[in-house]
Amino acid sequence: MGGISATRQRALDVVRAALDDTGLTWAEETPTRFTVELPGEHKRKTATTLDVGEHSIRVSAFVVRHPDENHAGMHHWMLERNARLSGIAFTVDPDGDVYLVGRLPVSCASAGEIDAVLGSVLEAALSLIHI
């Protein structure tokens, strides 16, 4: 017990290589947790975390603080948008802050999948700015 399984280690290696290939700013915060800054509009960046677990890679990105107005409209828009997103979904935390979250099986980890999920996060985060 204790150690990292071969499948998880392979996923960690894939994530490191995929992040290197993006050319984006990223950091390895712990041996199993990575953060990457996705570019945005007007100098805004979307900080995205990839947590490599034993069975899945959890993706999480803070998008916006608790909206001040039109909560019902915002939640309605996010639910409709979730139906069109691939691999991620909008969610809110107990304070009402908006995040994008998703999971990938470690057994399916590939540079293409990491790139695709980061692209989905970026696209979804940018779409929120334009509502």
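**View 1. A89 and its opposite residue in the pairing of β5 with β6.** In this predicted model, A89 stands opposite V101, a residue of β6. Strand β6 comprises residues 98-105, and five bridges join β5 to β6. The two strands run antiparallel. Helix α2, formed by residues 71-82, packs on the sheet and touches β5 and β6 as well as β4. The direction of α2 makes about 160° with that of β5.

**View 2. The open sheet and its edges.** The sheet is open and is formed by six strands, in the order β1-β2-β3-β4-β6-β5. Their pairing is antiparallel. Strands β1 (26-30) and β5 (88-92) stand at the edges; each has a single partner strand, so one side of each is left without a neighbour in the sheet. From one strand to the next, the twist averages 25°.

**View 3. Helix α1 across the sheet.** Residues 6-22 form helix α1, which lies across β1, β2 (33-39), β3 (45-52) and β4 (56-64). Relative to β3, the helix runs at about 160°. Helix α1 has 17 residues, and the distance from its first C-alpha to its last is 24 Å, close to the 24 Å expected at 1.5 Å a residue. The helix is followed by G23, which has a positive phi, near 80°.

**View 4. The buried and exposed residues of α1.** Which residues of α1 are buried? They are R8, A11, L12, V14, V15, A18 and L19. Seen down the axis of α1, these buried residues fall within an arc of 165°, so they line one face of the helix. An α-helix has 3.6 residues a turn, so residues three or four places apart point the same way. On the other side of α1, residues A6, D20 and D21 are exposed.

**View 5. The largest nonpolar core.** The largest nonpolar core has 33 residues. Within this core, the residues with the most contacts are V15, L50, V52, I57, F90, L100 and I114. At least two residues of the core come from each of α1, β2, β3, β4, α2, β5, β6 and α3 (111-129). Helix α3 gives the most, with seven residues.

**View 6. The surroundings of V52.** V52 is among the core residues with the most contacts inside the core. Not counting residues up to four places away in sequence, V52 touches R8, A11, L12, V15, T32, F34, I57 and V106. Of these, R8, A11, L12 and V15 are among the buried residues of α1.

Key:
Residues numbered from 1 in each chain as written. Predicted model: local features only at pLDDT ≥ 70, side-chain atom pairs only at ≥ 80, totals over all residues. Heavy atoms only, no water. Pairing = 2+ DSSP bridges. Helix = DSSP H or I, 4+ residues; strand = E, 2+ residues; numbered from the N terminus. Axes fitted to C-alpha atoms, helices over the stretch in contact; angles between N-to-C directions. Contact = heavy atoms within 4.5 Å. Expected span 1.5 Å × (residues − 1). Buried < 20%, exposed > 50% of the residue type's maximum accessible area, 1.4 Å probe, protein only. Arc of directions from axis to C-beta. Core = buried A, V, L, I, M, F, W, Y, C linked by side-chain atoms within 4.5 Å.
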